[in-house]
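Trainee: I am new to this structure and would be grateful for a close look at one buried loop position. Please then continue to other parts of the model, explaining each step of the reasoning.

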Amino acid sequence: MNKSTTGIAFDPIFLKHDQQGHPENAKRLESIIFGLQEKGLLEKVKHINSRSAEIDEIAICHKKEYVEYVKEFCKKGGGYFDPDTYSNQNSYTAAATAIGSSIDLVKAVIEGELKNGFALLRPPGHHALANRSMGFCLFGNIAIAAKVALTQSGVSKVAIVDFDVHHGNGTQALVGDDPNILFISSHQYPFYPGTGSIREIGDGEAEGTIVNIPLQAGVGDNGFKSVYKKIVIPLLERFKPELILVSAGYDAHWEDPLANLNLSLTGYNWISRELIKSAEKICNSKIVFFLEGGYNLQVLSDGVANTIRGLLGIELFEDPLGKPNDEEPDIERVINELIRIHRL
Ligand SMILES: [Zn+2]
């Protein structure tokens, strides 16, 4: 593999976890792959071999009984685990392949075989808890990858940045007690799943390694720029991780049907490139994005393509949807409060 290459993890099994009429359906990832193909980006990235994770790997973050239960339940045909989270006979294999493949992608980036990467996976993961599914998520993909990364040589600290519109409560629960993992989540608040208040900062040894950035409805490109310039980037520079993982949800876009933040594709592009630039500065470019939410197909397709262009070092980005007309609320108070709480 070439060191200047961007890797992707993708397997057709991710499209077999599907439920018609559900917002988290296979069309999301289909439109992403189709968009990458159409824009000539698929041929520019290295598609890593996929593999299914072993139960013990998933159990790094989850109760083994829960993992076995999900496997058995899906084998029998699946169904709803909770009111939001469906499964079918392919869901366990899809979830286990998402984990195995993203672990290998992260390892290839750590070892320098790849420059950076994007795990184009489903089902998403950032709401899943140790012993149960939640919010369309079966297992904590990014939390497991972060824990595995810490076992690799040369990695003593990992940062996870979550820009999905929803609080990454699952990731926070799974890595929150680990002082070597910095978890930063920006999200609409108050909103699903209800957690993610500014006061949740981690306990004991891990105090300060959880950073929650609650944003009121309507915050868009300008608010996010302030948040990244004044909070997220300075925190990454202070923590000095050897690897940055990103929970990339594209549901903070103003056209998303499930939420009410007002980012544009231009704003998303700016955020992704700020994170990629930070990784260049802080950790030898080692950054891997993990697909989380995002329920407008065009936003997903263009948003992921723009992020992958950023990873490849291509300047071009596209924003056919433009910006909303709404005025943004002032978030100065939240920013000042974060600066105070996290001593920036
Ligand atoms: Zn989301």
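Mentor: Cysteine 61 counts as buried because its relative accessibility is 9%, and the limit for that label is under 20%. The model is a predicted one. Cysteine 61 belongs to the loop that runs between helix 2 (55–58) and helix 3 (64–75). What does cysteine 61 contact, once its neighbours within four places in sequence are left aside? The residues are Ala130, Ala143, Ile144, Lys147 and Leu174. A separation along the chain can also be set beside one in space: cysteine 61 and alanine 173 are 112 residues apart in sequence, and their C-alpha atoms are separated by 9.6 Å.

Histidine 62 is also found in the loop between helix 2 and helix 3. Its relative accessible area is 4%, so histidine 62 is buried. Its side chain takes part in two polar contacts with backbone atoms. One is with the backbone oxygen of leucine 129, at 2.9 Å. In the other, a polar atom of the histidine 62 side chain lies 2.9 Å from the backbone nitrogen of glycine 140. Not counting residues up to four places away in sequence, histidine 62 touches Val67, Ala128, Leu129, Ala130, Leu138, Phe139, Gly140, Ile144 and Leu174. Ala130, Ile144 and Leu174 are thus in contact with cysteine 61 and are also touched by histidine 62.

The loop between strand 3 (116–119) and helix 5 (141–149) contains proline 123. The peptide bond joining arginine 122 to proline 123 is cis, with omega at about -10°. Phenylalanine 136 is likewise found in the loop between strand 3 and helix 5. Its phi is near 75°, a positive value in a residue that is not glycine. Is phenylalanine 136 buried or exposed? Its relative accessibility is 15%, and therefore phenylalanine 136 counts as buried.

Lysine 240 offers a useful comparison. This residue also has a positive phi, of about 50°, although it is not a glycine. Lysine 240 is placed in the loop between helix 7 (221–239) and strand 7 (243–248). With a relative accessible area of 53%, lysine 240 is exposed, because that label applies over 50%.

Another cis peptide bond joins tyrosine 189 and proline 190, where omega is about -5°. Proline 190 lies in the loop between strand 5 and strand 6 (210–215). Within strand 5 (residues 181–188) is serine 186. Serine 186 has a relative accessible area of 2% and is therefore buried. Apart from residues up to four places away in sequence, serine 186 touches Asp162, Phe163, Asp164, Ile213, Leu215, Phe224 and Tyr228.

Asp164 leads to the metal site. The zinc ion is coordinated by two OD atoms of Asp164, by ND1 of His166 and by OD of Asp251, at 2.0 to 2.7 Å. Along the chain, these donors follow the spacing D-x1-H-x84-D. Aspartate 164 and histidine 166 are both buried. Why is the arrangement around the zinc ion irregular? The four donor atoms subtend angles of 53 to 154°, whereas a tetrahedral label would require all angles to lie between 85 and 135 degrees.

Tyr228, already named as a contact of serine 186, also appears in the largest nonpolar core. That core has 109 residues, and Phe118, Tyr228, Leu245 and Leu275 touch the most other members. Helix 4 (residues 91–110) supplies the largest share of this core, 12 residues. In soluble globular proteins, nonpolar side chains tend to be buried together. Among the contacts of leucine 245, beyond neighbours within four places in sequence, are Val106, Ile142, Ala145, Val158, Ile160, Val288 and Phe290.

Helix 9 completes the survey. At 1.5 Å a residue, its 16 residues (297–312) should span 22 Å, and the end C-alpha atoms are 22 Å apart, so the two values agree. How many of the 16 residues of helix 9 are buried? The count is 13, and the helix is mostly covered. At the start of helix 9, a side-chain oxygen of asparagine 296 comes within 3.0 Å of the backbone nitrogen of glutamine 298. Just after the helix, glycine 313 adopts a positive phi of about 80°.

Notes. Residues numbered from 1 in each chain as written. Predicted model: local features only at pLDDT ≥ 70, side-chain atom pairs only at ≥ 80, totals over all residues. Heavy atoms only, no water. Helix = DSSP H or I, 4+ residues; strand = E, 2+ residues; numbered from the N terminus. Expected span 1.5 Å × (residues − 1). Buried < 20%, exposed > 50% of the residue type's maximum accessible area, 1.4 Å probe, protein only. Polar contact = N/O pair within 3.5 Å; in protein donor to acceptor, adjacent residues only side chain to side chain. Contact = heavy atoms within 4.5 Å. Core = buried A, V, L, I, M, F, W, Y, C linked by side-chain atoms within 4.5 Å. Donors = N, O, S within 2.8 Å, 3.2 Å for Na, K, Ca; no water. Tetrahedral: all angles 85-135°; square planar, octahedral: opposite > 155°, others 65-115°.
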